Amino acid sequence: GNLLELYCGAGTHTCALSKYFERVVAVEVDAKLVEAAQRNLAANQCANATVVVDSVGKRRGRLHSVLRKRAWDDVRFDCILVDPRRGGS
């Protein structure tokens with residue numbers, strides 16, 4: 001199956017969970033954290049995971065339509081992980 005991870009931060013969960021899924025799309029609001037997550041995925045050879053920046057929780061972002069369709073481009077999701085920052089979503 002495939003995983004959509006929201007609020008991925010630096011990709012710690014992304015790396016740990018990627019071995020259990022065919023594809024992982026991880027979404028983060030902060031562009032600097034996306035860069036850190038991409039470095040983390042590369043360092044840990046998580047080739048089946050992709051990290052993207054999007055406005056999680058805001059209707060004007062791409063994520064709203066992704067959640068409605070349960071798909072990001074050609075990747076359909078079987079599981080969604082939501083792990084917002086401590087301040088909430």
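Which side chain makes a polar contact with the side chain of Thr-14? The side chain of Glu-5 does, at 2.4 Å. The points below set that pair in its surroundings.

1. **Status of the model.** This is a predicted model. Please read every distance and area here with that in mind.

2. **Overall make-up.** The chain has 89 residues. Its secondary structure comes to three helices and six strands. Starting at the N terminus, the order of elements is β-α-β-α-β-α-β-β-β. Strands and helices thus alternate up to the third helix, and three strands follow.

3. **Burial and surface.** Of the residues in the chain, 42% count as buried. The chain exposes about 5500 Å². Carbon and sulfur atoms supply 48% of that area.

4. **Contacts across the sequence.** Take the contacts between residues at least 6 apart in sequence. Of these, 57% join residues at least 24 apart. Thr-14 and Cys-8, described next, give local examples of contacts within the chain.

5. **Thr-14.** This residue lies in helix H1, which covers residues 12–18. Is Thr-14 buried or exposed? Thr-14 counts as buried, because its relative accessibility is 1%, and the cut-off for buried is under 20%. Leaving out residues up to four places away in sequence, Thr-14 touches Glu-5, Cys-8, Val-24, Ala-26, Leu-41 and Ala-49. Glu-5 is thus both a touching residue and the polar partner named at the start.

6. **Cys-8.** Where is Cys-8 found? Cys-8 sits in the loop between strand E1 (2–6) and H1. Cys-8 counts as buried because its relative accessibility is 5%. Setting aside neighbours within four places in sequence, Cys-8 is in contact with Thr-14, Ala-26, Val-27, Glu-28 and Val-51. Ala-26 therefore appears on the contact lists of both Thr-14 and Cys-8, given how contact is defined: heavy atoms within 4.5 Å.

7. **A pair far apart in sequence.** Cys-8 and Val-52 are 44 residues apart along the chain. Their C-alpha atoms are separated by 9.4 Å.

8. **A nonpolar patch.** Which residues make the nonpolar surface patch of about 230 Å²? They are Leu-67, Ile-80 and Val-82. Ile-80 belongs to strand E6, residues 79–82. Ile-80 counts as partly exposed because its relative accessibility is 36%. Patch residues need over 30%, so Ile-80 at 36% meets that cut-off.

9. **Where to look.** For a buried site, view Thr-14 with its polar partner Glu-5. For the surface, view Ile-80 with Leu-67 and Val-82.

Notes
Residues are numbered from 1 along each chain as its sequence is written. This is a predicted model: local features need pLDDT of at least 70, side-chain atom pairs count only at pLDDT 80 or more; totals for chains, interfaces and linings use all residues. Side-chain values use heavy atoms; hydrogens and water are left out. Patches are made of residues with over 30% relative accessible area and no salt bridge: like charges are joined within 9 Å, nonpolar side chains (Val, Leu, Ile, Met, Phe, Trp, Tyr) within 5 Å. Accessible areas come from the Shrake-Rupley method with a 1.4 Å probe; for residues, only the protein chains shown count as cover. A salt bridge is a side-chain nitrogen of Lys or Arg within 4 Å of a carboxyl oxygen of Asp or Glu. Helices (H or I, at least four residues) and strands (E, at least two) are DSSP runs, numbered from the N terminus. Buried means under 20% relative accessible area, exposed over 50%, partly exposed in between (1.4 Å probe, protein chains only). A polar contact is a pair of N or O atoms within 3.5 Å; within protein, one must be able to donate a hydrogen and the other to accept it, and residues adjacent in sequence count only if both atoms are side-chain atoms.
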